[in-house]
Amino acid sequence: METNSRGTTVTNDTSKNELQDTSKNNFKQVSGQDTVHMQDDGGLETVVTISANDSSWNEVSKNILHLFKGAKVKYEGFELAADYIRLDRNTNILFASGVIDHNGKYVGRPVVIMPGESPIAVDSLLYNYKSQVPKTYGVMTEVDGGYIQAREVRKNIYDEMSLYKGLYSTCDLPYPHTHFGIQISKGVITQKQIIAGPSYLVVENIPLKFIAIPFGFFPKQDKKSSGFLFPSFGEDASRGFAMRDLGWYLTFNDYWDSEIRGNLYSKGTWEASVRTQYLVNYKFSGNFNIRYGSFVEGVEGTPSYGRSKDFNFTWNHTQRQEANPGTSFTASVNFGTRSYLQNSAAGGTYDPRALTNNRLNSSIAYGKVFADGKVNFTSNLRHEQDLTTGRVTLDLPTISLNVATFNPFDSKDRVGEQKWYQKLTVGYSMQAQNKIVTFDTLLFRKETLQDFTNGMQHNIPLSLSLNVLKYFQFNTSANYTERWYLQSVRNRVANEVFGYSTVRDTIQGFKRAYDYNLSSGLSTKVYGMYPKMGKIEGIRHVITPSVNLNYRPDFGRERYGYYRNFIDENGVNRKYSIFDGALYGSPSEGRSLGIGFSVDNNIEAKIRDDNDTTGNGFRKVPIIQGLTFSGNYNMAADSLKLSTISFSGRTSLFKEKLNLNFNGTFDPYSYDPYTGRTVNRYAIKDGKLARLTNFGLSFDYSFNPEANKSRNNNMDSLRNSMPNLSPEQAQALSRISTDPNAFVDFNIPWNVAASVSFNYARVFDDEEQRMRSVLTNTVNVHGDFNVTPKWKIQYNTGFDFVQMKASLTNISIYRDLHCWDMSVGWVPFGQYKSYNITIRAKASILQDLKLSKRQSHFTF
C-alpha cells in the first residue's frame, strides 16, 4: 500500500515496489487529460483517453501510468471511472480499484461500462485491451429486478460471463446487508440463459445447504415468457396438508397474459383458477378471474360429511377518457355461488372484510354525450346478490337519457337582461328498466327468465325563478311524469277447496299512466349578529326560511283507471292499483294541497387568533352547520295533516379535526299504545311537543392528522403509477381506498383514530304489544405505532355496547427488511380466529417470491 500526493492510501498489491524510488524509475508527473496511442489486432492505431482529478504519474522505465482520484479511461466503447487506475502499456492490461480514505473506508469503487451494457460497480477490475477480456472482483449488477454479487467475474469476447462464488438477492446494497439470497458456487451467464452449479439458500448469513440443488438451468430473457409457478405448502385444520398456488404462467403478447393456478388438499378438496390481464396503452385495461372449487366438509363416515361445488367470476375493465372522448365504458363484475367466499376462505386470502361480506354487486356501464354535452345517454347492466338468502336482482339493462335544462323562450341574439318569461327553464329525462328478482337456484330456469318486469318513465320539469321585493326569491315549478308498462295486475277472489283466496293475475299488454304536480314558494335569508364577548369578535347567525305551496290531483279517481275495487275473501271491499309492484310505481292516490316549510341555520364565530403577532388576525370557527328542520302540512287530507318533522345538522370541533353529524325525526302526533299506530291527536295535548321517533349521531377523529395526510399523498402517488402496478399492488391500492389501516407508513411514528356510531329508534313490538327503544352503539378504534424505526404494530378493534361484545379484531406486525418485508396478521378470537406470516420481496417483478405460513380458521 502507498500514499499519493493527497495522502490517500491505494489498495494495489502489484504497485508496492513501483512507487518507492523515483530516481531509479524516472517517474514523470502529468495532470489533466492525456491520450495513449495503441495498435489493435489489425495493426490500426487506436486512442485511449485518460484523465484524473488529483494527479497522474507516468512510470517511464516500465511504461506504466498511474491515475489518482476521479480517474477516467475511455477506449472505444469501454468506459471506466475509479479513484485509482493503473495502465500497463507493455501488457495492455488496465487495473482499477478504490482507495481507503482517512476514515478507513473503502471509497471510489470502479464503475465500468462495457459496450452495449449498463454500468456495473465492482471492487476491482483487470481489463486486457488486446483480448478485450475483463476480470472483475466484488462485482454487483442488476438483473431483472434482482441483484447479483460475485467475488470474481470474467467475461470473454462472446459476451459470456463466468462467475465464482456469486449471490443472487433482491437487495441493492452490498453484502453483508443482504438478508436473503441464493448462493451460487459457479455459474455461466449468457445473453439468453443462466447455467448454475451447486446452489443453496442463505437466510440472514446462515447457509441452508440442506436445501440445495446440484445444478440449474434458467432462461434469461428481456421480455415476458411463459413458465412454471412454484407453489407454497401448508396445512389446514380440516382439509389436511396443502399445496397452494401451483400453476403455469402464460404470456401471449405484449397486451395480455394469464395465470392458471390450483390448490390441492390431502383430504380431497381442490380449487382451480384462471386469471387474465390485458392492457392497451392509452386505450383500456382490465382483468378477469374465474375460480372454481370442490370442497369436502366434515369427517368421512359422519352425517356432516359432504362435498359442495362453488364458483366465482370477477371482471374489471377501465377505458381511458382520451381513447374516445365523449364515450365511456366501465365494468365491475362479481358473481358466483353464495358459499364460495366462506368455503374458499375468500379465495385463499383470509380477508375478514371479504369473509363478512353478505352481498355481491356487478355493473357494466356504457355512456355517451351528444350535442356538445347537452344530451347524456347511459346504459347499465347490474347484478346484486344476497349471499345470506340467495336472492338475486338483475337489471338487464337500465337505460337513462337526460337533456340539460334550457330556456325555450330566450333568444340567442338577446341584448340586455332576460325578461321574466325568458327565465323559464325546461328539461327532459327518460329511464327504462328490465328487471327480475329471483333466487340463485332458480336463475337459469326457462320459466324464471319469463318473469322479467319492465317499464319506461318520462319526466319533464318546468321551473321559473324570480326576485320579488328585492329580498325574496320566488320559485315556481311544474313536473309532469309519464310511465309506460307492458304488464299490469288484476286482483280477484278464487273459490278453492278450503275456501276463498285472493289471486293476483298478471296481464300482458301496453299500459300508460301519468301524473303531475305544481309547486310555488318563497325563500329569503335573515342575518343576525351577536355582540363581542372576550376573544370572540362576533357570532353570525344565518337563517334561511322557505315556504311553498304544492298541489297534486287525486289520481285514484275512477276516471283515470289506475285503481280498481274488488271484494276480498272476507267480503271487504278493497281498492288496489293495477300497477302494484311496477318498476316506477303508480300515480299517487288522494288529492294533496299542502304547505311545505323548512328552516336552515348556520352559526359561526369570529375568534381572535393568539398566534397572529400583529394582533389583527382572526379565524372563523363553525358552531352549527346546516341545522335544518322541514315538514309539510296537507290541507286536503281528512286527518294527520301535519307530516313528521325531520332535522339534520353537522358541526366541527377541535379546529375542524373532528366532524360530527346528526339527524332525526319528530312525530307531532300521539300513538295508540295497543297497536303502535299514529292517531289523529297532537302530542302537545298529551304534554309533549313532539315524539322523537329516531335519532342518529356519528363522528370520527384522528389524533395524528399527519397520518391521514400521508395516506392520501401515498394513494395519489400510487394512482399516478397505475399502468405500472402489479396485480397485488393494484389490489392493495383498492384496500387502502376503503380501509385506512391497510397502508403501512414507517415515516409516521404513531396514529390513533376512533369513530363512534349511535342510533336510536322507537318501534312497536308486536309480541310484547308495546313501544320499545332500539339502540345501536358501536365504537371502533384503529391505529398503529412504531416499536423501532423498522418495526410497526397496527391494530383495529371495536366494541358494541348494546350486544356487549367486541367486534372483529385484527393485530398486524410489520418488519421492514429493506429489500424485503415481513408481516404477521393475527385475529385473536371470534369466528375467523387465525394467523398468517408472510415474507416477500419488495421488487414488483418478484412479487411471487414470498414465504408464507398461515393457520386457517377452518376448525370443526
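Visitor: Is Phe 313 buried, exposed or partly exposed?

Guide: This is a predicted model. In it, Phe 313 is partly exposed, with a relative accessible area of 21%. The cut-off matters here: buried means under 20%.

Visitor: Which aromatic residue pairs with Phe 313?

Guide: The structure holds 24 aromatic pairs. In one of them, Phe 313 meets Phe 335. The ring centres are 5.6 Å apart, and the planes make an angle of 50°. That pair is tilted, because planes count as stacked under 30 degrees and as edge-to-face over 60.

Visitor: Where do Phe 313 and Phe 335 sit in the chain?

Guide: Phe 313 is in strand β27, residues 306-319. Phe 335 is in strand β28, residues 327-336. The two are 22 residues apart, so the pair links distant parts of the chain. Phe 335 is partly exposed, at 31% relative accessibility.

Visitor: Which residues form an aromatic cluster?

Guide: One cluster joins Tyr 480, Tyr 485, Tyr 514, Tyr 516, Phe 555, Tyr 560, Tyr 562 and Phe 579.

Visitor: Now charges. How many salt bridges does the structure hold?

Guide: Start with the general idea. Side chains of opposite charge can pair when their charged atoms come close. The structure holds 19 salt bridges.

Visitor: Which parts does the salt bridge of Arg 275 and Glu 259 tie together?

Guide: The side chains of Arg 275 and Glu 259 meet at 3.1 Å, N to O. Arg 275 lies in strand β25, residues 270-280, and Glu 259 in strand β24, residues 256-265. The bridge therefore ties together parts that are 16 residues apart in sequence. Arg 275 is partly exposed at 28%, whereas Glu 259 is buried at 12%.

Visitor: Which residues are linked with Arg 275 in a network?

Guide: Glu 259 and Arg 261 are linked with Arg 275 in a network of salt bridges.

Visitor: What is the distance between the closest N and O atoms of Arg 359 and Asp 386?

Guide: They are 3.7 Å apart, and the two residues form a salt bridge. Arg 359 belongs to strand β29, residues 359-370, and Asp 386 to strand β30, residues 375-386. So this pair ties together parts 27 residues apart in sequence. Arg 359 is partly exposed at 39%. Asp 386 is buried, with a relative accessible area of 16%.

Visitor: Which residue forms a salt bridge with Asp 568?

Guide: Arg 574 does, with the closest N and O atoms 2.6 Å apart. Asp 568 is buried, at 6% relative accessible area. Arg 574 counts as partly exposed, at 44%.

Notes:
Residues numbered from 1 in each chain as written. Predicted model: local features only at pLDDT ≥ 70, side-chain atom pairs only at ≥ 80, totals over all residues. Heavy atoms only, no water. Phe/Tyr/Trp six-rings, centres within 6.5 Å; stacked < 30°, edge-to-face > 60°. Helix = DSSP H or I, 4+ residues; strand = E, 2+ residues; numbered from the N terminus. Buried < 20%, exposed > 50% of the residue type's maximum accessible area, 1.4 Å probe, protein only. Salt bridge = Lys/Arg side-chain N within 4 Å of Asp/Glu carboxyl O.
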